[in-house]
Amino acid sequence: MRLRDGAGGEPDRDPVTVIQTVVDAGVRMIDTADAYGNETLVGRAIRSRRDHVMLASKFGLRPRPDTPQGFDVRADPAYVRHACDASLKRLGTGVIDLYYLHHRSDTVPIEETVGAMAELITDGKVRALGLSNVSVEDLRRAQAVHPIAALQERWSLTDRGVEDGLLHAAARHHVAIVAHSPTSHGLLHQQPHDGGATAHPQTILARIARQLHATPGQVALAWVHHREPIHGLRVIPLPGTTRISHARANIAAADLELPEEALQQLDTMQVRT
């Protein structure tokens with residue numbers, strides 16, 4: 001989301017190398033959105049590796065700094081087609097593997113949006129459909145129009161709202177969960193600043209990390225990886241970074257095994273935001 005050209009000459013922050021490093025390390029899903037303003041960059045980075053990448057992008061959010069939310073939503077059928085064509089051009093590819101509605105619309109029925117998205121599959125421009133920032137009812141209505149492959153929602157130790165119904169709906173419809181912000185936009189990488197109070201949630205996270213010879217961020221990310229067998233659905237953590245070193249640390253977290261006692265502590269704690 002934050003990858004941009006012009007990293008000030010710092011090798012660890014070269015955005016193209018960040019993307020190529022994770023693909024070379026075995027990561028297969030690269031996710032962006034037209035609202036992020038970096039589809040051209042992403043396309044350039046994966047051009048020589050396109051066959052090794054499941055490319056995902058999103059549409060529907062349009063930045064509007066003059067509004068309280070900072071954006072508006074456009075999801076009518078004509079805009080669906082326009083947005084997809086524009087993304088394909090910027091990404092420099094003939095097909096987007098997973099195409100998301102970035103945010104539900106309050107004015108366009110989701111059936112109309114998903115119907116237009118399904119036509120993109122018929123046209124060979126998109127391979128699978130996803131939704132983001134939706135409700136259980138939105139998923140039910142969308143699924144009645146065309147199978148939804150994935151839901152992209154916030155899920156981390158600090159953001160557990162997805163567990164209030166949406167997980168069960170996803171499992172019922174065999175929809176994967178793509179968990180964005182699994183380290184809460186970097187919050188869970190930080191060490192506690194409370195003087196070491198043993199009851200502080202982030203102190204618990206840091207203590208578990210020390211025991212496992214890992215970082216707090218790696219433990220938080222591993223916790224999301226461990227959700228898959230618990231909830232019986234496909235869970236794909238989606239960490240973002242602008243540094244090669246952080247990307248490698250995130251990749252290593254996939255192999256971090258959390259003991260049952262640690263999982264129980266993490267499951268029940270509430271991290272302060």
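User: Before we get to the sheet, how many bridges does DSSP need to find before two strands pair?
Analyst: Keep in mind that this is a predicted model. Two strands pair if the number of bridges DSSP finds between them is at least two.

User: In what order do the strands of the open sheet run?
Analyst: The sheet has seven strands, and their pairing is parallel. Going across, the order is E1-E2-E5-E6-E7-E8-E9.

User: Which are the edge strands?
Analyst: Look for strands that pair on one side only. That picks out strand E1 (29-31) and strand E9 (235-238).

User: What does the twist average from one strand to the next?
Analyst: We're still talking about the open sheet with parallel pairing. Strand to strand, its twist averages 25 degrees.

User: What stands opposite His 180 in E9?
Analyst: Strand E8 covers residues 176-180 and runs parallel to E9, with four bridges joining them. Facing His 180 from E9 is Leu 238.

User: And what angle does the direction of helix H4 make with that of E6?
Analyst: H4 (residues 110-122) packs on the sheet, where it touches E2 (54-59), E5 (96-101) and E6 (126-132). Its direction and that of E6 make an angle of about 155 degrees.

User: Around the axis of H5, what arc do the buried residues cover?
Analyst: Helix H5 (residues 136-143) has Asp 138, Leu 139, Ala 142 and Gln 143 as its buried residues. They sit on the same side of H5, because the arc they cover is only 125 degrees. In general, residues three or four places apart in an α-helix point the same way, because there are 3.6 residues a turn. The cover over these H5 residues includes H4, E6, strand E7 (150-154) and helix H6 (166-172), and the arc itself is 125 degrees.

User: Is Ser 181 buried or exposed?
Analyst: Ser 181 has a positive phi of about 55 degrees without being a glycine, and its place is in the loop between E8 and helix H7 (201-211). The cut-off for buried is under 20% relative accessible area. Ser 181 comes in at 11%, so Ser 181 is buried.

User: His 213 has a positive phi too, so is His 213 buried or exposed?
Analyst: Phi of His 213 is near 55 degrees, and this residue is in the loop between H7 and helix H8 (216-225). Exposed means over 50%. With a relative accessibility of 77%, His 213 is therefore exposed.

User: Which residues touch the most other members of the largest nonpolar core?
Analyst: That core has 70 residues, and Val 219 is one of the four to name. Leaving aside neighbours within four places in sequence, the contacts of Val 219 include Leu 205, Leu 212, Leu 256 and Leu 266. There's also a second, separate core of eight residues, among them Ala 56 and Leu 98. For the largest core, the answer is Leu 131, Leu 151, Val 219 and Leu 266.

User: Is the pair of Phe 59 and Tyr 99 stacked or edge-to-face?
Analyst: There are two aromatic pairs in total. Phe 59 in E2 and Tyr 99 in E5 tie together parts 40 residues apart in sequence, and both are buried. The ring centres are 5.0 Å apart with planes at 25 degrees, so this pair is stacked.

User: How about Trp 155 and Trp 223, stacked or edge-to-face?
Analyst: Trp 155 is in the loop between E7 and H6 while Trp 223 is in helix H8, so they tie together parts 68 residues apart in sequence. Trp 155 is buried at 0% relative accessible area, and Trp 223 is buried at 0%. With centres 6.4 Å apart and planes at 80 degrees, the pair is edge-to-face.

Methods:
Residues are numbered from 1 along each chain as its sequence is written. This is a predicted model: local features need pLDDT of at least 70, side-chain atom pairs count only at pLDDT 80 or more; totals for chains, interfaces and linings use all residues. Side-chain values use heavy atoms; hydrogens and water are left out. A nonpolar core is a set of buried Ala, Val, Leu, Ile, Met, Phe, Trp, Tyr and Cys residues joined through side-chain atoms within 4.5 Å. Buried means under 20% relative accessible area, exposed over 50%, partly exposed in between (1.4 Å probe, protein chains only). Contact means heavy atoms within 4.5 Å. Helices (H or I, at least four residues) and strands (E, at least two) are DSSP runs, numbered from the N terminus. Axes are lines fitted to C-alpha atoms, for helices over the stretch in contact, and angles run from 0 to 180 degrees between N-to-C directions. The arc is that of the directions from the helix axis to the C-beta atoms. Rings of Phe, Tyr and Trp (its six-membered ring) pair if their centres lie within 6.5 Å; planes under 30 degrees apart count as stacked, over 60 as edge-to-face and the rest as tilted.
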